[in-house]
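Biologist: Please take one part of this model and go through it closely, in a single connected account that also places it among its surroundings.

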Amino acid sequence: MAETIELTVARYRPEEETEPTFQSYEVPYREDWVVLDALNYVKDQLDGSLSYRWSCRMGVCGSCGMMVNGTPKLTCAVPLSDYVSKPIRIEPLQFFPILRDLIVDIGGFLGKLSSVKPWIIRDNDQSPHEGEYSQTPAELDVYKQFSMCINCMLCYSACPVVGLEPEFTGPAAIALAQRYNLDSRDQGAAERLAILDEHEGMWGCTFVGECTKVCPKNVDPAGAIQLYKRASATEWFKSVLLPWGSR
Amino acid sequence: MSEVEQRLAGGAGPYHRPISLWWWLGNRAYLKFIIRELTSVFVGIFAVLSLWQVTALSEGPEAYAAFVDRLATPGFVFLNGAVLLFVLYHTITWLNLVPTIVVVRLGGRRVPDGIIAAAHYGLWVVLSAAVAGILLVR
């Protein structure tokens, strides 16, 4: 069994260089380590200048997403033992601008996320003393899967449309919109449809399906987007076939 | 302006990685996606051939016989063979994706993907058999 493992890490120091370079580090191989542990070893023992995001170390905060050998991964959830016989190449999440080393600019993503109004919208908000909006377990089950998103952005990094068309709202944000549309307490589906029924919205998705494959929480953004397209198409048919009917 | 902002302001700024025209070649999943998309061209060719057939049929027996003769030439046999292969690939890849789009709930539970896909494959077989039956049994 190897005692060390080679970690090749993308570096970008905008005050020193105009494009990213790669730097290799030799780190101890430990079976109980994940890739993030190896990065922390580099930071603590070898090179304190290496910059990257991380926080919870348990697949909840969604901070430590990076490209590991070309695939978007949460580095806290990838055992080093998966790569024991080959060098590990770590890069910042693709399709995002790089700020420094492994840190990407998430400003665009956050803007897209809030653009879909991911909160419960009511025609008439009732005050707290009137009681809560109740919901049955069956009603919760309809959208629960889509509510598990941790905003780790792996799906954006797996989606070529995000890279090719930067205006595309993207998988997580559309899935989140669908999460609220399917919530029995919500009445904002028409507002969100007006925002997402555009080429930059749901229709930008070409159903590559990689967003769903890389999602660490099994949210299935691709499924959410296709369901949304189906709902939008149904609305359109209704408007054409039933011009005077209820839409 | 903080020290960090001052240093960043003097530097190169955020780096935008260029995307190659051949981005789909480096990743097996992207390659399969592009092949699936390109098979649409053959679906289009199949539609054009069908329209041509209907047009020939409307022009009378002689025109239709000429159309059939032309289809029997090696070039058209090859084209039809290629169209058949790619349309099959297109159909199978899309039927495999159907469970993602068609979500059916029965008794409060989501019907398993395998059953949704199997139902569509079954429907495909039944419709194909019906068309074959109409063509072959006269």
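**From the domain contact to chain B**

Modeller: Within chain A, 14 residues of domain 1 touch 12 residues of domain 2, and I should say at once that these come from a predicted model. The side that domain 1 of chain A turns to domain 2 of chain A draws at least two residues from each of strand 3 (65-68) and strand 4 (71-74) of chain A, and strand 4 of chain A contributes the most, with three residues. By class, that side of domain 1 of chain A holds nine nonpolar and five polar residues, with no charged residue among them. The two partners are domain 1 (4-104) and domain 2 (107-241) of chain A, and their centres, taken over C-alpha atoms, lie 30 Å apart.

The part I would look at closely is chain B, beginning with its contact with the other chain, to which chain B gives 20 residues and chain A gives 23. On the chain B side, helix 1 (3-9), helix 2 (28-58) and helix 4 (74-101) of chain B are the elements that each supply two or more residues. That side of chain B is made up of 12 nonpolar, six polar and two charged residues.

One of those contributors, helix 2 of chain B, deserves a view of its own: its 31 residues span 46 Å from the first C-alpha to the last, which is close to the 45 Å expected at 1.5 Å a residue. Just after helix 2 of chain B comes B:Gly60, whose phi is positive, at about 110 degrees.

Seen as a whole, chain B contains five helices and two strands, arranged along the sequence in the pattern α-α-α-α-β-β-α. Its overall form departs from that of a compact globule of 138 residues, for which a radius of gyration near 14 Å would be expected, whereas chain B has 25 Å. Along the principal axes, the C-alpha atoms of chain B occupy a box of roughly 85 × 50 × 25 Å. Buried residues account for 5% of the 138 residues in chain B. Among the contacts in chain B with a separation of 6 or more, 43% join residues that are 24 or more positions apart.

Note on methods:
Residues numbered from 1 in each chain as written. Chains lettered and ligands numbered in written order. Predicted model: local features only at pLDDT ≥ 70, side-chain atom pairs only at ≥ 80, totals over all residues. Contact = placed C-beta atoms within 7 Å. Helix = DSSP H or I, 4+ residues; strand = E, 2+ residues; numbered from the N terminus. Nonpolar A, V, L, I, M, F, W, Y, C, P; charged D, E, K, R; others polar. Rg over C-alpha atoms; globule rule 2.2 N^0.38 Å. Buried ≥ 20, exposed ≤ 12 C-beta atoms within 10 Å, placed from the backbone. Domains from an automatic or database assignment. Expected span 1.5 Å × (residues − 1).
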